[in-house]
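Me: I am new to this structure. Please take a close look at one part for me, the packing of the helices and the core they belong to.

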Amino acid sequence: MPRPFRFGVNLLTPAPAAEWRAKCRRAEELGYDVILVPDHLGMIAPFPALVAAAEATERPRLGTLVLNAGFWNPALLAREVATTDALAGGRLELGLGTGYVQAEHEAAGLPYGTPRERVDRLRRTVAELERLLGAEEYEPRPAQRRVPLLIGGDGERTLRLSAERADIVGFTGARMVPGSATGKLEPVTAEEVDRRVARYRELAAGRAEPAELNLLVQLVAVTDDPEVALKPLLERQPQLSLEQALDLPIVLAGPLDEVVARVRALRERFGFSYLTVLEPFMEAFAPVMERLREEPV
């Protein structure tokens, strides 16, 4: 049997307290399973935002998508994770990644490092979190015995770490533009996503229980005229034709029936049962979720 769908929304825009809580309540009303926040300078601070989301909602789980390991001392991060999970009633899911925006590290006065150094830092952070939070004497105590761990990224060494440690594996469906210090991304084809997922499955073949696979969807448009909806993307990515853009795993555009079929195909082809959409598409994706929940698994 396929894994049941879960749907998350990544809230990107800072807001005053009342507006932030209203936004979280709206995500719950629409049926999202997970409310997530990123970890970028110029955006909301992850853990206070999640505590406020917990106070405003009852059902959704709460997560980071994803923390930049280079921003966090592991011992201090363990305290944040444990406290947030306790205050959220055991609803936290921790997403971690290497960090990919060099300019943000420089602005924070933190080392960026080579790709190898960033993955090594991520591996050390994961190991230290597991050591600290797994110790019976550790204080403060999280509410969950194990806070679920999502590791984001699909490079070879990150996938290897995910195969060893992650409960959830996050795929972006994009790669960083070579030489970009600002984290500029370009989408990758469905065939490349096939290869990265297949490589993860090779590395994780010995696991007792497979991880959940997450995809961060970059564009949602339920419309009879997807060409208009995709015009900004095509302007940013002039190497793509309309047909190529519509075939990208991170793009869901077209009439409702077609978008619903595309989501089912993402699970059938790649194994993506956990999809996250960005905040600007929170309302647009709601009818897709509703339709999928009306149908049998």
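Reply: What follows goes through the helix pairs, then the core, then a buried tyrosine and two unusual peptide bonds. Keep in mind that this is a predicted model.

Start with a general point. Two packed helices are described by the angle between their axes and the distance between the axes. Take the pairs in that way.

The pair nearest the start of this tour is α1 and α2. Helix α1 covers residues 17-30, and helix α2 covers residues 46-56. Their axes lie 9 Å apart, at an angle of about 60°. The two helices are therefore oblique to each other. Their crossing is right-handed. On the α1 side, the contact uses Trp-20, Arg-21, Cys-24, Arg-25 and Glu-28. On the α2 side, the partners are Ala-49, Ala-52, Ala-53, Glu-55 and Ala-56. By class, the contact of α1 with α2 has 6 nonpolar residues, no polar ones and 4 charged.

Next come α3 and α5. Helix α3 runs over residues 74-87 and helix α5 over residues 115-133. The axes come within 9 Å and cross at roughly 55°. So α3 and α5 are oblique to each other. This crossing is right-handed. From α3, the contact takes Pro-74, Ala-75, Leu-77, Ala-78, Val-81 and Ala-82. From α5, it takes Thr-125, Glu-128, Leu-129, Leu-132 and Leu-133. Of these residues of the contact of α3 with α5, 9 are nonpolar, 1 is polar and 1 is charged.

The last pair is α10 and α11. Helix α10 spans residues 256-270, and helix α11 spans residues 282-294. They pack at an angle of about 65°, with axes 10 Å apart. They are therefore roughly perpendicular to each other. The crossing is right-handed. Leu-256, Asp-257, Val-259, Val-260, Val-263 and Arg-264 belong to the α10 face of the contact. Phe-285, Pro-287, Val-288, Arg-291 and Leu-292 of α11 meet them. The contact of α10 with α11 holds 8 nonpolar residues, no polar ones and 3 charged.

Now the core. In soluble globular proteins, nonpolar side chains tend to be buried together. Here the largest nonpolar core has 94 residues. Tyr-32, Phe-272 and Phe-285 have the most contacts inside it. Helix α2 gives the most to this core, with 7 residues. Phe-285 has appeared already, in the contact of α10 with α11.

Look at Tyr-32 itself. Leaving out residues up to four places away in sequence, Tyr-32 touches a list of residues that includes Phe-7, Val-9, Ala-27, Arg-59, Pro-60, Phe-281 and Phe-285. Met-282, Ala-286 and Met-289 are among its other contacts.

Another tyrosine deserves a stop. Tyr-274 is in strand β13, residues 272-278. Its relative accessible area is 1%, so Tyr-274 is buried. Beyond four places in sequence, the residues touching Tyr-274 include Arg-6, Phe-7, Val-34, Leu-36, Glu-93, Ile-168 and Asn-214. Phe-7 also touches Tyr-32. Tyr-274 and Leu-159 are 115 residues apart in sequence, and their C-alpha atoms are 17 Å apart in space.

Finish with the backbone. Most peptide bonds are trans. Two here are cis. Leu-65 and Val-66 are joined by a cis peptide bond, with omega about -20°. Val-66 sits in the loop between β3 and β4. The bond from Glu-139 to Pro-140 is also cis, with omega near 0°. Pro-140 lies in the loop between α5 and β6.

Conventions
Residues numbered from 1 in each chain as written. Predicted model: local features only at pLDDT ≥ 70, side-chain atom pairs only at ≥ 80, totals over all residues. Heavy atoms only, no water. Axes fitted to C-alpha atoms, helices over the stretch in contact; angles between N-to-C directions. Helix = DSSP H or I, 4+ residues; strand = E, 2+ residues; numbered from the N terminus. Parallel < 35°, antiparallel > 145°, perpendicular 65-115°, else oblique. Left-handed = near helix turned anticlockwise from the far one by under 90°. Contact = heavy atoms within 4.5 Å. Nonpolar A, V, L, I, M, F, W, Y, C, P; charged D, E, K, R; others polar. Core = buried A, V, L, I, M, F, W, Y, C linked by side-chain atoms within 4.5 Å. Buried < 20%, exposed > 50% of the residue type's maximum accessible area, 1.4 Å probe, protein only.
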